[in-house]
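Reader: Could you walk me through how the labels in a structure description are earned?
Author: Gladly; here is the structure to look at.

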Amino acid sequence: MIAPSILSADFARLADEVAAVTGEPGRGADWLHVDVMDAHFVPNLTLGLPVVRSLLATTGLPLDCHLMIENPDRWAIGYAEAGSHNVTVHVEAANDPVMLAKDLRAAGAKAGLAIKPNTPLQPYVDVLKHYDTLLVMSVEPGFGGQKFIAAVLDKVRQARRMVDSGHLNLIVEIDGGINTDTIEQAAEAGVDCFVAGSAVYAADDPAKAVEGLRGQVEALPSRGRC
């Protein structure tokens with residue numbers, strides 16, 4: 001799956017930018033990745049629930065809301081109740097991630113757990129049993145356009161092994177620096193869903209860029225996870 005990140009889109013033309021990645025059925029974006037930042041958990045400030053509600057009214061793409069915010073236990077449920085498909089919170093910020101996952105699901109969304117590049121996976125394996133998505137950050141959260149951190153792929157491989165063995169049941173997602181140069185190594189490590197920002201929105205034809213990224217993954221030997 002390819003999830004274009006509107007962090008790299010033109011915020012003055014969001015409806016048009018969303019339409020630009022929709023593409024033909026089965027060829028455009030699978031999810032629309034929405035980065036919510038509060039200038040506290042991360043230094044940047046982006047958008048919040050009112051904009052998410054507006055996006056939901058203008059697109060049929062499932063919204064993949066990545067909350068880089070403090071106190072997600074309080075705020076995340078609103079994004080689920082609004083109609084977001086997947087709501088991801090950071091394990092570094094959640095007070096009770098297990099209860100939060102249950103609340104997100106009860107509110108109608110899939111529950112995602114994100115981990116920063118320097119956060120180990122192993123301490124949270126039992127927590128992840130309650131989640132639908134694991135988002136491995138391959139850059140430090142807070143800004144787009146950063147260089148891909150290949151070392152995080154060890155965590156992707158760990159997660160992939162646990163999913164393939166039945167120990168976990170979730171989608172492995174990656175966010176940060178995904179482009180034509182990095183998507184194949186991420187796919188080979190076991191990623192299911194790829195968040196791509198500038199690789200999509202800097203292209204002349206964003207929908208075609210999405211299709212190209214997907215084509216790179218599909219052309220890999222023994223692929224079939226995406």
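Author: What follows is a short conversation about strands, a helix and the terms used for them. This is a predicted model, in which local features need pLDDT of at least 70, side-chain atom pairs count only at pLDDT 80 or more, and totals for chains, interfaces and linings use all residues. Residues are numbered from 1 along each chain as its sequence is written, and side-chain values use heavy atoms, with hydrogens and water left out.

Reader: What makes strand 8 covered on both faces?
Author: Buried means under 20% relative accessible area (1.4 Å probe, protein chains only). In strand 8 (residues 193-196), C193 and V195 on one side and F194 and A196 on the other are all buried. In a regular strand, side chains alternate between the two faces of the sheet.

Reader: How do you know that strand 1 and strand 8 pair?
Author: Pairing requires that DSSP finds at least two bridges between two strands. Strand 1 (residues 2-4) is joined to strand 8 by three bridges, so the two count as paired, and they run parallel. Within this pair, I2 stands opposite F194.

Reader: Which residue is the bridge partner of I174 in strand 8?
Author: That is F194. Strand 7 (residues 171-175) also pairs with strand 8 in the parallel sense, over three bridges.

Reader: What makes the span of helix 9 close to the expected one?
Author: The expected span is 1.5 Å times one less than the number of residues. Helix 9 (residues 206-218) has 13 residues and reaches 18 Å from its first C-alpha to its last, close to the 18 Å expected.

How values were computed. Buried means under 20% relative accessible area, exposed over 50%, partly exposed in between (1.4 Å probe, protein chains only). Helices (H or I, at least four residues) and strands (E, at least two) are DSSP runs, numbered from the N terminus.
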